[in-house]
Amino acid sequence: MRLATPAKASPAKTEQLILFRVSGQLFAISSSSVQEVRSADSMSGGATEISAPGLRKVRHVLRRGDRSLFIVNGAMHFGLHAAEGAQLFVLRKTRTALLIDGIEKMTTMTQLQALPLSFCHEERQWYRGLTALDQTVVPVVHPEGFLSPEELALLDAALLQADKTESENLERTSAEQ
Amino acid sequence: MTVSTELELQSFVLLRLGERRFAVSANQIAELVAPSRVFRFPHRTPKLEGVILRRGRIVPVCDVSEMLLGKRLTSRRFYLIAVRKYGAQREWVAVPVTGECELIKAEMMAAVESDAPHVAGWLSHDGDVIEVLNLDAITPGPEQLLAEAAARQRPEARP
């Protein structure tokens with residue numbers, strides 16, 4: 001008599017996470033979403049100021065060739081107490097660089113639970129879901145949730161305006177000389 | 001007791017919030033648990049305090065005291081874990097209560113149009129008339145967001 005082959009237990013799907021803090025609050029992000037981690041100081045020389053009406057969480061933009069990365073203050077984005085931010089996450093496949101307090105640690109997530117449907121405001125764009133790690137619950141952020149298409153359009157318009165003003169100033173200066 | 005009256009009796013859980021008692025249909029209650037650590041994280045949904053961990057599930061905690069009593073109650077004795085419907089989906093929601101809960105059988109009088117949206121009906125128990133709560137109306141969900149958006153679009157009434 002042949003015995004049925006026992007079904008192989010499929011390994012639990014895991015995901016590498018970076019746990020980080022913003023204004024003291026713990027968050028998680030998939031490590032595959034983070035392209036670079038930089039100290040905020042190292043970026044200060046390359047960043048230029050930007051001001052889009054009604055969008056206080058973005059004050060600086062980083063130019064990388066023809067690409068612009070908007071630096072989002074994590075504390076302001078989440079409505080937390082203002083914090084300076086010591087590190088920057090350059091987020092893959094987005095135009096966002098996220099200003100954070102610092103990295104807590106790296107860990108592995110085995111289960112991501114969808115954000116309960118009771119949460120029905122902006123947080124649905126902010127988070128991919130929640131995960132339980134070491135008897136605590138941590139929200140896992142959505143890398144594309146820091147800047148909406150409308151906010152990106154506002155920032156692009158502000159950037160265009162800033163470039164125009166700068167080139168006009170340059171022209172004026174060279175004309176004066 | 002005749003068969004017809006027996007059929008009209010339904011099970012309810014009586015809960016206490018401050019000085020008042022409310023009822024919830026027993027088939028909407030999953031369990032009653034002792035308060036545990038509430039995990040908080042940034043969000044913008046009013047009434048939600050955070051989440052608790054219960055049997056491996058992450059359950060949102062929704063404080064309904066302000067809506068039902070007009071003031072926020074900080075003391076809590078239990079979390080009543082209720083089943084909230086979101087269309088075809090069902091999820092657990094933990095509602096903090098301040099006193100003992102009781103399972104009773106009673107006949108419910110249906111709510112009328114003039115009743116507040118959070119009232120699913122009324123029942124009489126121990127000489128008190130008690131509101132039966134409509135959990136879908138007192139706990140947040142996507143339908144409330146739609147209602148808020150509609151209210152914002154509605155032109156303001158002018159004298």
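Chain A of this predicted model holds an open sheet of 6 strands, and the strands line up in the order E3-E7-E8-E6-E5-E4 with mixed pairing. At the two edges sit E3 and E4 (47–49) of chain A, each of which pairs on one side only. On average, neighbouring strands in this sheet are turned by 30 degrees against each other, if you ignore direction. Beyond the sheet, here is what to look for in chain A, in chain B and where the two chains touch.

**Inside the sheet of chain A**

- Take a look at E6 (residues 67–73) and E8 (residues 96–100) of chain A: these strands run parallel, and 4 bridges join them.
- If you want to pick out one residue pair there, try A:Ile71, whose bridge partner in E8(A) is A:Ala97.
- Over in strand E3 (residues 34–39) of chain A you'll find A:Gln35.
- Is A:Gln35 buried, exposed or partly exposed? It counts as partly exposed, because it has 14 C-beta neighbours inside 10 Å and the count for a buried residue starts at 20, while an exposed one has 12 or fewer.
- Leaving aside residues up to four places away in sequence, A:Gln35 touches A:Val90, A:Leu91 and A:Arg92.
- A:Val138 is another story: 103 residues separate it from A:Gln35 in sequence, and their C-alpha atoms are 21 Å apart in space.

**Chain A as a whole**

- The tally of secondary structure for chain A is 4 helices and 11 strands.
- Its radius of gyration is 21 Å, while the globule rule gives 16 Å for 177 residues, so chain A is more spread out than a compact globule.
- You can get a feel for its dimensions from the box that its C-alpha atoms fill, roughly 100 × 35 × 30 Å along the principal axes.
- Of the 177 residues in chain A, 28% are buried.
- Among its contacts between residues at least 6 apart in sequence, 55% join residues at least 24 apart.

**Helix H4 of chain A**

- Helix H4 of chain A covers residues 149–176, which makes 28 residues.
- From first C-alpha to last, H4(A) reaches 40 Å, close to the 40 Å expected at 1.5 Å a residue.
- How many of the 28 residues of H4(A) are buried? Just 1, so to speak a helix that is hardly covered.

**Where chain A meets chain B**

- On the chain A side, 18 residues are in contact with 22 residues of chain B.
- Two elements of chain A give two or more residues to that side, namely strand E10 (127–133) and strand E11 (136–141).
- E11(A) gives the most, with 3 residues.
- Sorted by class, the chain A side has 10 nonpolar, 6 polar and 2 charged residues.

**Chain B**

- Chain B comes with 4 helices and 11 strands.
- Buried residues account for 28% of its 159 residues.
- Of the contacts in chain B with a separation of 6 or more, 51% are between residues 24 or more positions apart.
- For a buried spot, go to B:Val95, which lies in strand E7 (residues 89–97) of chain B.
- B:Val95 counts as buried because it has 25 C-beta neighbours inside 10 Å, and 20 or more is the cut-off.
- Which residues does B:Val95 touch, not counting those up to four places away in sequence? They are B:Cys62, B:Val64, B:Tyr79, B:Leu80 and B:Ala82.
- One of these, B:Ala82, is 13 residues away along the chain, with 7.3 Å between its C-alpha atom and that of B:Val95.

**Two residues with positive phi**

- Most residues other than glycine have a negative phi, and that makes the next two worth a look.
- A:Asp134 isn't a glycine, yet its phi is positive, at about 50 degrees.
- Its place is the loop between E10 and E11 of chain A.
- A:Asp134 counts as exposed, with 7 C-beta neighbours inside 10 Å.
- In chain B, B:Arg55 also has a positive phi, near 50 degrees, and is a residue other than glycine.
- You'll find B:Arg55 in the loop between strand E4 (48–54) and strand E5 (57–62) of chain B.
- B:Arg55 is exposed, with 10 other C-beta atoms within 10 Å.

Technical notes: Residues are numbered from 1 along each chain as its sequence is written. Chains are lettered from A and ligands numbered from 1 in the order in which they are written. This is a predicted model: local features need pLDDT of at least 70, side-chain atom pairs count only at pLDDT 80 or more; totals for chains, interfaces and linings use all residues. Two residues are in contact if their C-beta atoms, placed from the backbone, lie within 7 Å. Ala, Val, Leu, Ile, Met, Phe, Trp, Tyr, Cys and Pro count as nonpolar, Asp, Glu, Lys and Arg as charged, and the others, Gly among them, as polar. The radius of gyration is taken over C-alpha atoms; the globule rule is 2.2 Å times the number of residues to the power 0.38. The expected span of a helix is 1.5 Å times one less than its number of residues. Two strands pair if DSSP finds at least two bridges between them. Axes are lines fitted to C-alpha atoms, for helices over the stretch in contact, and angles run from 0 to 180 degrees between N-to-C directions.
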